[in-house]
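Let's walk through this two-chain model together, starting from a small local detail and working outwards.

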Amino acid sequence: MTVTRDRAEAAAPAVASAAPRHQNRLARWDGKYTPYLIIAPFFVVFGIFGLYPLLFTAWVSLHEWHLVDGDQGFLGLGNYTELLSDSKFWNALGNTISLFVLSTVPQLLAALGLAALLDRGLRARAFWRAGVLLPNVISVAAVALVFAQLYGRDFGIVNHLLGLVGVSPIDWRAETWASHLAISSMVMWRWTGYNALLYLAAMQSVPKDMYESAMLDGASRWRTFWSITVPSIRPTIMFTVVTSTIFGLQLFAEPQLFDPGGTALGTGGSDRQFQTLVMYLYEKGFRLFDAGYSAAIAWMLFLLIAVIAVLNFRLTRRIASKG
Amino acid sequence: MRRRLVCSAAATLVVVLAAAGCGGGSSASSDGKIKLSIGLFSDFGYDNLIKEYQASHQNIEIEQRKVKMEQHHTQLATQLAGGRGAADIVAIEEGNIAQFRASKDKFVNLADFGAKDLKSQWAAWKWNQGTTDNGDFVLGLGTDMGSLGVCYRRDLFEAAGLPTDRAEVAKLWPTWADYAKVSDQFTQKTPNVKFVDTARNVYKAILDQTEEGYFAKADDAFIADKNDKVKQAFDQAAELGTKKQTAALEPFSQDWNVALKQGSFATTTCPAWSLALIKAGAGDAAAGKWDVTTAPGGGGNWGGSFLAVPKQGAHAKEAYELAKFLTSPESQKRIFKETGNLPSQPQVYKDTEVTATTNEYFNKAPVGQIFGTSADSLKPTYRGSKDSKVTPVFNTALQRVEQGKQPAAEAYAQALKEAQDAVK
């Protein structure tokens, strides 16, 4: 097509001068290629910092690879088969999912409630809206430091408060359920406000006349919330579910810093009771220098997230088409 | 027409930016000084020495990089792996040196610069820890050493009806079994105070008094499953945990500092360098309450470091000269006076000025003498190249015992299995 048109142009009588023809071609190129050129930087950066590490990690995972000394020989899928029979891997996976559920479900529900409150005509609205985002702005290391002290076994405030109502002190790092609750509270504290703001933005675009007609029909606040607000912001809810899943499965900083051993020695408690997948990856790769195994964990995590993302996507589509 | 103008403007901008970029690059390297970086953790006491070195070597500029100890070593491993980013001189702690000895091709052999001539400066065991290939490869020059004592709270001992004088306290515990007996007595009298901060450090102290721990001296083979000494040390430490006589703290953590301030434990194993940490944690209010005495089982060593030069640096010779200066006897003596870090060289730790040093905060304890005397006869435990992978496994096992999650025997069995996995 292009070729014939070009030829036709060339065959046209030499009435048009060379310059406009040149400009014409430029304009066409412009329309065709400029969009690609403009998005190219993203793909170049993605290629360097996203795709290349991804593929290189895959390559490393097929080898016995020492972090310092490098390649020690090809293993094929050896790392993966070992991983599947590694009880520590399954333990970490279980912890990751438990922490994910414990932190995400209440978090998103709380965010929904918070957004509904913020959506009402409050005084000093900007102040409250900025306020809920504040926990998210604070560095995770600082949050972890403060929470680790709040949940201190001997002198922590949480235990002190529990003591006032007669609960004996809890060793928050020793018990599985206690440590999961403590870490989840940290995650919730950081992300609830952020999600609430997303919901709030979505709620504000819900047409007000829908609420008015519902009120005329005599619907209660509770009813309008669940029958109008929530269905209207469903795409946003789905978006937060997907992003929370991705973040949740990669949970690292909060539990790692909750361990008093910190980034260097922490393995998620004395019996790995709160070691997540990424923590296990970090331990294997950067403390035990088994980069090949660590890369295999990274790929398993990637596949897991990909599977859950696809499931989420399917679910979203189904719900969206129902709505 | 408009578009062409924009294009040429953009092109001009690109050229200008590129030119500016080039200009920036050339001016940075034009001051002609050699920049040396030195990667450290905690306080090596080098600030003043470095200032002086820069004054006497006008062409050298030195930058100190300090991170936490564990992070420092992990970071160093990745920098060596990546082939860039490591400082020109790096400190390596005694517990980690074996692991880096195994990757010696990433480091400069300091013998190439004549380091072997300095050998006689150090206590023989300290020199040997920093070398490999039967002494032909000099990986690092020794900085300080830890030695080992036990710190105890005088007021808490008095409350429990125990002697408080450091010579008499030393007589209470010639062996670790005696130490455990004192712990029982103490707990009976004052059940609300823990006798020791953590089982982990007692375990380490006992194990470090043996010649071989997890690995065989002869061939670096994993022998923890056959070595009775490991089991004995573990059982002795675990017993304290089972009886709830430990405060079950992560040593040197924030919680440990708080416990120090609250006076919730009465003794802690203490190498020379930990005096400063105890003082910082317990604060001025506890001045004179803490004291130091000899450790059960006849001394030992915990910690102390080496300065090594990674191969990836551009100025190996200059780096070596600086490391030599920082580890020289004169420098070590000054560091001891300024920070209390114990010298690893006999001519310094036997110097009357050092042996006469007392520590005001620790009830005027003669720290120079307490820590210096055991250094000569010291037989450091052999550290295998995978020691730093195995140690944490046994530490968490003791933690499980202290937390009451597992009986000692079960915890030990699990640790042994995990250790075998870690060295595979």
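Right after α12(B), G283(B) adopts a positive phi of about 80 degrees. Helices here are DSSP runs of H or I with at least four residues, strands are runs of E with at least two, and both are numbered from the N terminus. Before going further, note that this is a predicted model, in which local features need pLDDT of at least 70, side-chain atom pairs count only at pLDDT 80 or more, and totals for chains, interfaces and linings use all residues. Residues are numbered from 1 along each chain as its sequence is written, while chains are lettered from A and ligands numbered from 1 in the order in which they are written.

**Two helices in chain B**

Back to α12(B), which spans residues 274–282: its buried residues are S274(B), L275(B), I278(B) and A282(B). Buried means that 20 or more other C-beta atoms lie within 10 Å of the residue's own, exposed means 12 or fewer, and partly exposed is in between, with C-beta atoms placed from the backbone. Looking down the axis of α12(B), these buried residues fall within an arc of 110 degrees, so they line one face of the helix. The arc is that of the directions from the helix axis to the C-beta atoms. An α-helix has 3.6 residues a turn, so residues three or four places apart point the same way.

What do the buried residues of α12(B) pack against? Their partners in chain B are β8 (149–153), α11, β10 (265–270), β11 (290–294) and α17 (367–373). Contact here means that the C-beta atoms of two residues, placed from the backbone, lie within 7 Å.

Helix α14(B), residues 329–339, can be read in a similar way. Its buried residues include S331(B), Q332(B), I335(B) and F336(B). They sit on the same side of α14(B) because they cover an arc of only 140 degrees around the axis. The buried residues of α14(B) pack against α2 (47–56), α13 (316–326), β13 (342–343), α15 (346–349) and α16 (352–355) of chain B. Following α14(B) comes G340(B), with a positive phi near 90 degrees.

**The chains in outline**

| Chain | Helices and strands | C-alpha box along principal axes | Buried residues |
|---|---|---|---|
| Chain A | 15 helices, two strands | roughly 100 × 75 × 35 Å | 30% of 323 residues |
| Chain B | 19 helices, 13 strands | about 95 × 50 × 50 Å | 48% of 424 residues |

Chain A has a radius of gyration of 27 Å, whereas a compact globule of 323 residues would have one near 20 Å. That radius is taken over C-alpha atoms, and the globule rule is 2.2 Å times the number of residues to the power 0.38. Among contacts in chain A between residues at least 6 apart in sequence, 70% join residues at least 24 apart. In chain B, residues 24 or more positions apart account for 75% of the contacts with a separation of 6 or more.

**Domains**

The bounds come from an automatic or database domain assignment. For chain A it gives domain 1 (17–61) and domain 2 (80–322), with C-alpha centres 37 Å apart. Their contact takes four residues from domain 1 of chain A and six residues from domain 2 of chain A.

Chain B is assigned domain 1 (33–145 + 303–355) and domain 2 (149–302 + 361–423). The C-alpha centres of these two domains of chain B are separated by 28 Å. Where they touch, 22 residues of domain 1 of chain B meet 20 residues of domain 2 of chain B. On the domain 1 side of that contact, α4(B) supplies the largest share, five residues.

**Cores and the chain contact**

A nonpolar core is a set of buried Ala, Val, Leu, Ile, Met, Phe, Trp, Tyr and Cys residues joined through C-beta atoms within 7 Å. In the largest one, with 77 residues, I297(A), I89(B), V309(B) and A323(B) touch the most other members. Helix α15 (residues 291–322) of chain A brings the largest share of this core, seven residues. A second, separate core of 75 residues includes I206(B), F265(B), A272(B) and V393(B).

How many residues does each chain give to the contact between chain A and chain B? Chain B gives 25 residues and chain A gives 22 residues. On the chain B side, α3(B) gives the most, with seven residues.
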